[in-house]
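Biologist: I should like to learn how to read bonds, burial and helices from a set of coordinates. May we work through one case together?

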Amino acid sequence: MSYDNSYQLHSTHQSPRQSKRSRYLLGKDESLNISAILNETTTFKTLNDTSLRQVLDESSVLINTGNAGDGLSEAFFEIIQSSRPSTVLDTIARLAQACCDSLELVEPWNRYNAQNYWLAEEANTWKLIFSLFADSISEHPKTLESQILEPTLSQQRLVNAYFETESELRLLQVLVTWLEVTATYQEGATQTAAPVIGNNIHWGNTLHQLLIGSSLFNKEKNNSMITCMDPDAPRRQNKTIHSDDKKDDDDLCKRIFTEVRCGKFQEAVSLCISAGQAWRGAVLQGWKLLHYEPGDVDGTLEVTGNSSRDLWKWCALGIANNVSENTHFRATVGILCGHLPSALPACQGNWEDLLWAHLRVQIEARVDKFLHEHHATAEANTTPSDILDLLQSELQIDELSLQQIFNSVKSLMDGKRESNYQMCQRNLMLGHIRAIMQDCLEWLDSAEERFVRFLAHLILVLRQMGKDPQHDIGDKILEKYVIQIIEGLVEGTSICPELIAYYTSTVPVERQIALYAELMDRVQKSENRLEVVRAGTRAGIDVAASARVAIKKAITDIQQGYGNIDLTFTQTTAVEKDKTLVTKVISSLEWLSFMSNQIEEGLWLSNAMVRTFIFIGNTNAALLCVNSVSKMFDDFTNKVPKNSSELREHICLKSYLEAIEAFATWYRHFISGQPKDIEPLAPDASFSDKVHHEQRCAHIEQQKARWQNAILHQSRQTKQLLYNILLFPGGWLQDENDSISSHKFTNEEKEERNKQLDTLRRLCLPEVALLIFKILQSSDDIDNHKEALKMSNLIASENRGLYQVFTKSKLLEVLDRIKESSLFLVEKGKDILGYELDE
């Protein structure tokens, strides 16, 4: 560890690095991770002003807000999916860099306005996690005695050993480093700082006024202006400097404070020298610790630092307490000597600035206390004891815990509330992971989508660190993020199924199935569906179970607006008008066709879908669904067991729908297909008209003959299809004793299926019988009416028990049909059963 002339432990030019046995704070050029990551991704900027938040307020009025955050979800996915617990530091660094890369897509003057500032806060939070975790996994000496191997040490060596062994002090320094480096990045990222002109001339305008004196060129002599050019002249003479010099001094002091705020102490000193005010640079260097290094000549030492550092602090207090001094110069000197009240006005109620000032002062207080306790151990410490007593009496700093520091910062924020990111940062600094989890529950319902994304990745990173104490809350956050991604999908646009599948795989298994089913419900294109199935399989998701849930949801959706199934077995007349919905529901079966060994499940669900369409009266959609199964599952009849209850039900439903379709075709031709008779001729028609009329009548008779033949053929075919339902082997929609069904469905679902099958039998079989009556009684054929009478035997037969599914009203309707045929036969000279009467 180094604690050199620039007080490196207080500077962002120092970065922690992990070695095999110890961690050191090295120079910027030698550092390994933190400065390389943080300096490339820092986030604060001052526009010639000390308040970093002021830049945010001023730039928010600009019109062009940029596109901060575009593509960040995909970038995070690429990073997190390849992350492992052993590479978590690299993962965090890449997440922070992704935020900064996205921020840099925006114009510099727009990067920290009100619309884009969230991205800077998120980048800062990732960098904070990096810093804290890097320090926590590093090894440090346990005791100070193990580091002090010489009777006397320089102040710097002594303090370096103190930092190595004191974890709380090291934590404060890590936070200071983080705050300073993030401020440095904002300064470089916005590129809007007004430069301080360096001309090596101190108060040039005042000097010019003094040089021209009372000449003719200086008619308006200012008697209130100083007459000497030494730095103490304004105070000693109680006079002022030139107004332009006063403004330049203000700008210089603001810039000095900004450089110190960014941890660039040497740049602040150089700035003073280039502005011709080397005395300010000298004032800024009095706080350095005394240190010795071997000189270029053997036997000599190179002395750096201030042997009278405590005396300098006592003098610096005079500047910090002088209210007539420039506010920002007072703040700078106050920070260096550990005087907090003088630094607060320059922070202007900004959370980061206030926190930085408190932490710097606390570090100073702890270092001073340590040095005073080891006064005899520090070699060549020339501070007299009376100066120490005087300094301690005038500079009393209460040692605060980190929680007390945050309480103090909160009280100084002028009523401003911490942002969600700042609350996360505070709890991370305090190590209150549980508090973050509890806050997440409050944020979930109202948080913006980008913050939910951050929380989801924070949970994943904490889990890789082994620091997620409440998995149930983390699961809710991840689930919320997955739902957010799915709801953001727009049909027709490209999707990234690997992304959704990965995040879905991070939630509990039972929720994985439901969430992936939600995704499936929104994807309609076949090529996209295949990608979703493959991505889910690679992610370890039970894609088949999700597909079943998605199809069940589609079946439920088709029932909306139709109410429950009428338990009185009266078929609803509602017709599905939304063809898009019907197509979507039927096509959902395609999910299972992309997976192996899912034919039985596909048949089960397609049958459920067909039953639903029949219940709502949309037999066209039901037939379309049956036919789609054959296209989706190639040669499925030979791939399932012959005694499968799903296959038997599929055949039953298909036979019914084909029969209904055939009856509709017959009825349409029977009603509207019969040729119309030719109107009779007028009595005074000419011979040619009569010939033409006879030709037309002959043509019509030919058409009638063809129509009758066609109707007869169609009626026979349709009647046979309808009979097949009534005569179906083992009973239509009745499982056989040796039937087997898929084990992928619950007992409740199987009971519901049996209930629906029974309902369909009671609903459809009487209708089929009545349709046969309509065909038989549509002509004056005696044989057809005889056949209608025989229908009573088929219905009343005990071996089939068809009469059991007939309600009272349906039985009365059947009896009316039988009565109608009996009366017709009697009119034709037959008995009521259609037999010849004996004379």
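Modeller: We shall take cysteines, charged pairs and one helix in turn. Please keep in mind that this is a predicted model.

Biologist: How many disulfides does the count give?

Modeller: A disulfide is a covalent bond between the sulfur atoms of two cysteines. In this model the count is zero disulfides. Two cysteines illustrate how surroundings may be described: C228 is partly exposed, at a relative accessible area of 29%, whereas C764 is buried, at 1%.

Biologist: How many salt bridges are counted?

Modeller: The total is 37 salt bridges, a pair being accepted when a side-chain nitrogen of Lys or Arg lies within 4 Å of a carboxyl oxygen of Asp or Glu. One of them joins D230 to R236, with 2.8 Å between the closest N and O atoms. D230 itself is partly exposed, its relative accessible area being 26%.

Biologist: Which parts of the chain are tied together by the pair K313 and D368?

Modeller: The side chains of K313 and D368 form a salt bridge at 2.3 Å, N to O. K313 belongs to helix α13 (residues 309-321) and D368 to helix α16 (residues 351-373), so this pair links parts that are 55 residues apart in sequence. As to surroundings, K313 is buried at 0% relative accessibility, and D368 is buried with a relative accessible area of 7%.

Biologist: Are E418 and R426 buried or exposed?

Modeller: Buried is the term for under 20% relative accessible area. E418 has 17% relative accessibility and therefore counts as buried; R426 is buried as well, with a relative accessible area of 17%. These two residues form a salt bridge whose closest N and O atoms are 3.0 Å apart. Elsewhere, salt bridges with shared partners connect E168, R366, K369 and E399 in one network.

Biologist: Let us turn to a helix. What span does α20 reach, and what span is expected?

Modeller: Helix α20 (residues 433-444) contains twelve residues and extends 17 Å from its first C-alpha to its last, close to the 16 Å expected at 1.5 Å a residue.

Biologist: Where do the buried residues of α20 lie around its axis?

Modeller: The buried residues are I433, I436, M437, D439, C440, W443 and L444. Viewed down the axis of α20, they fall within an arc of 165°, so they line one face of the helix. R434 and E442, on the other side of α20, are exposed.

Biologist: What covers the buried residues of α20?

Modeller: The cover includes α19 (420-430), α21 (449-465) and α22 (471-487).

Conventions. Residues numbered from 1 in each chain as written. Predicted model: local features only at pLDDT ≥ 70, side-chain atom pairs only at ≥ 80, totals over all residues. Heavy atoms only, no water. Disulfide = S-S within 2.5 Å. Buried < 20%, exposed > 50% of the residue type's maximum accessible area, 1.4 Å probe, protein only. Helix = DSSP H or I, 4+ residues; strand = E, 2+ residues; numbered from the N terminus. Expected span 1.5 Å × (residues − 1). Arc of directions from axis to C-beta. Contact = heavy atoms within 4.5 Å.
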